[in-house]
Amino acid sequence: MAEELKTYRGNCHCAAYVYEVDLPKDFKPSKCNCSSCYKKGALWVVPKDNKNLRFVKGDMDSLTNYTFGQKTFNHKFCSNCGTQLFIVGHMAPPQPGEEPMTGINVRTFQYGQVDVWKMETSPIDGKSFGNPYEPPKFTGPEPKAEIEGGKLYTGSCHCGAVRAALKSKPLDKSFTDMILECNCSICNRHGVVWTYPKKDQVVVEGEENLKVYLFGSMLFGKTFCKICGIPVHNQAQPVTEDDLNAMTEERRNFVKGGLDLMPINLRIFNDLNVEDLNVGQFDGYNKNQPMYVEP
């Protein structure tokens, strides 16, 4: 008897790309620990047949392509909003006429179809494939902040076009400041794990290689590398006194409180595993306004 399939619908955040895929109802996504998949928090599922994936809007060829190492896989993301949608390639040298496998990032499924915080996953030791990843080196100035007992962390997007330094209290189980995963429409798709340092605790090199994606209130831009698509930080946009006065008191206090901060994605830092930290969860999808409309 043929396996019963369910249709899932997904999209990049800006809705330039919308797709549907038929999968078993009880599918278990794969969680890869390679240098690229970890940085974007991707959760992959591979349909048994590529015909089970259909584009409603957009197409595979117009997505931005990033590859590295042995170049056996192409990582596909939207150049406008930075959503990492697909991975296309071969686990082993292909036979003549063999189609590449297509992995779909479950984080891009529309809200309510899956819960990535509760889903059981299967591990893939992608870190052991090919040559070891050599993290790009940060070469800029040290952040100016003075942190008692502080430690300097450096990291980058995957390709190294954007590099960052963070001066912080040690990022381990003893860290008591806020570290969060958010399930809002963009953070869930980007797979980020946020911490919220002040601006003088962070230095970013290669900002010219960042794309800033604005949506909703347009008050905070989500940045990602134009080349490899890895999310980097949350960038507060300029706001006038008139803008602030037009807000509710609660909204105004939230925005003013964020102007001195530079929320940054902890996944980009070397010698740090977010799974070793005390990561909270915030239901941004239902609390952030205006509500996101799924295409």
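Q: Helices (H or I, at least four residues) and strands (E, at least two) are DSSP runs, numbered from the N terminus; how many of each does the protein chain have?
A: By that count, the protein chain has five helices and 20 strands.

Q: Why is the protein chain called as compact as a globular protein of its length?
A: The radius of gyration, taken over C-alpha atoms, is set against the globule rule, 2.2 Å times the number of residues to the power 0.38. For 295 residues the rule gives 19 Å and the chain comes out at 20 Å, which is close, so the label fits. Along the principal axes, the C-alpha atoms fill a box of roughly 60 × 45 × 35 Å.

Q: And what kind of model is this?
A: It's a predicted one: local features need pLDDT of at least 70, side-chain atom pairs count only at pLDDT 80 or more, and totals for chains, interfaces and linings use all residues. Residues are numbered from 1 along each chain as its sequence is written, and side-chain values use heavy atoms, with hydrogens and water left out.

Q: What makes the contact between E142 and K167 a salt bridge?
A: The term asks for a side-chain nitrogen of Lys or Arg within 4 Å of a carboxyl oxygen of Asp or Glu. Here N to O is 2.9 Å, so the pair qualifies. E142 sits in the loop between β10 (122-124) and β11 (151-156) and K167 in strand β12 (residues 163-168), so the bridge ties together parts 25 residues apart in sequence.

Q: Is K167 buried or exposed, and how do you know?
A: Buried means under 20% relative accessible area, exposed over 50%, and partly exposed in between (1.4 Å probe, protein chains only). K167 has 13%, so it is buried. Its partner E142, at 48%, counts as partly exposed.

Q: How do you know that R163 and E205 pair up?
A: Their closest N and O atoms are 3.1 Å apart, and they form a salt bridge. R163 is in strand β12 and E205 in strand β15 (residues 202-205), 42 residues apart, and the pair links these distant parts of the chain. R163 has a relative accessible area of 18% and is buried; E205, at 13%, is buried as well.

Q: What about E294 and R189, how far apart are their closest N and O atoms?
A: They are 3.3 Å apart, and the two form a salt bridge. E294 lies in the segment after α5 and R189 in helix α2 (residues 187-190), so parts 105 residues apart in sequence get tied together. R189 is buried at 3%, while E294, at 22%, counts as partly exposed.

Q: Which residues are joined into one network by salt bridges that share partners?
A: R9, E20, D22 and R54. The structure holds nine salt bridges.

Q: How much of the protein chain is buried?
A: Buried residues make up 48% of the 295.

Q: How do you know that distant parts of the chain meet?
A: Contact means heavy atoms within 4.5 Å. Among contacts in the protein chain with a separation of 6 or more, 64% come from residues 24 or more positions apart.
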